[in-house]
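Colleague: Could you take me through one part of this model at close range? I'd like to hear about the sheet towards the end of the chain and whatever packs against it.

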Amino acid sequence: MSARPRLHRFVTILLVLAGIAALTVSTAGAAPAGRPASVRAAQPNVVVIMVDDMNVFALQYLNNVRSLLAEPGTTFDNSVVSYSLCCPSRATFLTGQYAHNHGVLDNAPPDGGYEKLPAAETLPVWLSRAGYDTGHVGKFLNRYGRADPTEIPPGWAEWYGSVDPSTYRMWGYTLNENGVLRTYGTPDVEDPALYQTDVYARKAVDFIQRKAPADKPFFLSFAPLAPHGEGGLESPQRNPRPAPRHLGALDDVTLPKPPSFDEADVSDKPAAVRNRPRIGPAAEQRMQNVTLKGRLESLLAVDEAVADIVGALRESGELDGTLIVFTSDNGWMQGEHRIRSGKVVPYEESIRVPLIMRGPGLPAGRHVKTIAANIDLAPTILDAADAPAGVVLDGRSLLPIVDDTTAIARGIVIENGPKTNGSNWYVGLRAARWKYIEHSTGELELYDLQRDPYELTSVHADPRYAGTRQALAQRLAQLRACAGAACHRWTPVPAPRP
Ligand SMILES: [Ca+2]
Ligand SMILES: [Ca+2]
């Protein structure tokens, strides 16, 4: 336990005592019901904005996220997700656990999907117990609503969950609105008034405006589909489709080409990469004009939603007392190592996500170098809310590390299995300098990210790195099934021989 929460609790106790004293001396009926405003400020509201499939590259196009969240808040420059796929990552957000502990190991059965989430003990339940009002708008775990579209998962006092598979449409999506199904438009009519992100933003603003006057703090989960691709579109100009007002707004954007783009020599990589064809001009044009521009232009509505949410908090007097978290459930590949799209690979563009927090205890303009991971989201929020978890958490609160200017050594488990359907999977580690991956095929990858940040040359077979590789294999053996505090163990790994 760090000094921060203890001090926080001590101050809270003092404020509670002061509040009791004030209530005792006041005349009957003069004091409002519930906690005094001074006490309430100690337990912040929490707003989590989780976009879908946004990589770090896209952050530069979101001006409001940068000016309203990053500049007045803290950016975690080395933020990763342990399992870079929607459903396992969102289950990790809700539990503070690695996928190997919460058990949601895929988007669909038999290894994953909404049905696999142990929903009775999750973040909204814990925050409700701690006195929070809760609400969710948008995408939840994959397959939500397929079995019972009117089901409301535990812990959510207000629920606007998108019902699968309509979740993956910018128009024609169905929300379960507190038990009542409502469909917004039809998939092929691009009604500007019913664009998914905008409708979700209006619901978020309405939630904030209604909850702000109450004495309870609130927890709002805001989860738009953007910039995830839409399903069922026939030769679209953009996929996903942006809001009509943003179509063409980023028409000048060109596909970024880091040194790893369309990697020429893949002899160091596993067969799954070696067998990929080079990216030709036709594929490159499609990647740029349909996917990249669709993704970035769709994010402009998210950026406006962020301004709306921050504006609603400011106007209701809640902004300084609110922890705002902006992140993505996983990253996105756009041609690196010949991978034209997607995620669920161990490379940086897939596992790294934006992570920005603004609110009490988060310094303005700060950049944190220590690795942060999605297992840390729930522990951080619970720390800020001074609320206990109902399960053993694998992550740790990020609040105590925001003051550190140098990185703290730790290793995050990177996993995507095991799979019962026979498909390949991997488990590995991401540490500050190293990435070490063991594939189910027996293939290995080891990157020295200090010398090779674009992961161009796996050094798993380089004799100079034999000691490094051996140490990482040993750490992985210790951590691959870890739970709780055992996941925090880390000792430095020897550098390569010169
Ligand atoms: Ca995703
Ligand atoms: Ca290479």
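Modeller: Happy to! Helix H12, residues 466–479, lies across E13, E14, E15 and E16, and runs at about 110° to strand E14 (426–430). Please keep in mind that this is a predicted model. The four strands beneath your question form an open sheet, in the order E13-E14-E15-E16, with antiparallel pairing. Strand E13 (412–415) and strand E16 (444–448) are at the edges; each has a single partner strand, so one side of each is left without a neighbour in the sheet. From one strand to the next, the twist averages 15°.

Let's look at one pairing in detail. Strand E15, residues 434–439, is joined to E16 by five bridges, and the two run antiparallel. If you would like a spot to click on, try Glu438, which stands opposite Leu444 in E16.

For contrast, here is a helix elsewhere in the chain. Helix H4 covers residues 86–95, and 10 of its 10 residues are buried, so H4 is largely enclosed by the rest of the structure. Among those buried residues are Cys86, Cys87, Arg90 and Phe93. The cover over them includes strand E1 (45–51), helix H5 (99–102), helix H6 (123–129) and helix H11 (377–385). Just after H4, Gly96 takes a positive phi of about 70°.

Asp188 makes a good counterpoint: this residue is found in the loop between strand E7 (180–184) and helix H7 (196–211). Asp188 counts as exposed because it has 11 C-beta neighbours inside 10 Å, and the cut-off for exposed is 12 or fewer.

Note on methods
Residues are numbered from 1 along each chain as its sequence is written. Chains are lettered from A and ligands numbered from 1 in the order in which they are written. This is a predicted model: local features need pLDDT of at least 70, side-chain atom pairs count only at pLDDT 80 or more; totals for chains, interfaces and linings use all residues. Two strands pair if DSSP finds at least two bridges between them. Axes are lines fitted to C-alpha atoms, for helices over the stretch in contact, and angles run from 0 to 180 degrees between N-to-C directions. Two residues are in contact if their C-beta atoms, placed from the backbone, lie within 7 Å. A residue is buried if 20 or more other C-beta atoms lie within 10 Å of its own, exposed if 12 or fewer, and partly exposed in between; C-beta atoms are placed from the backbone.
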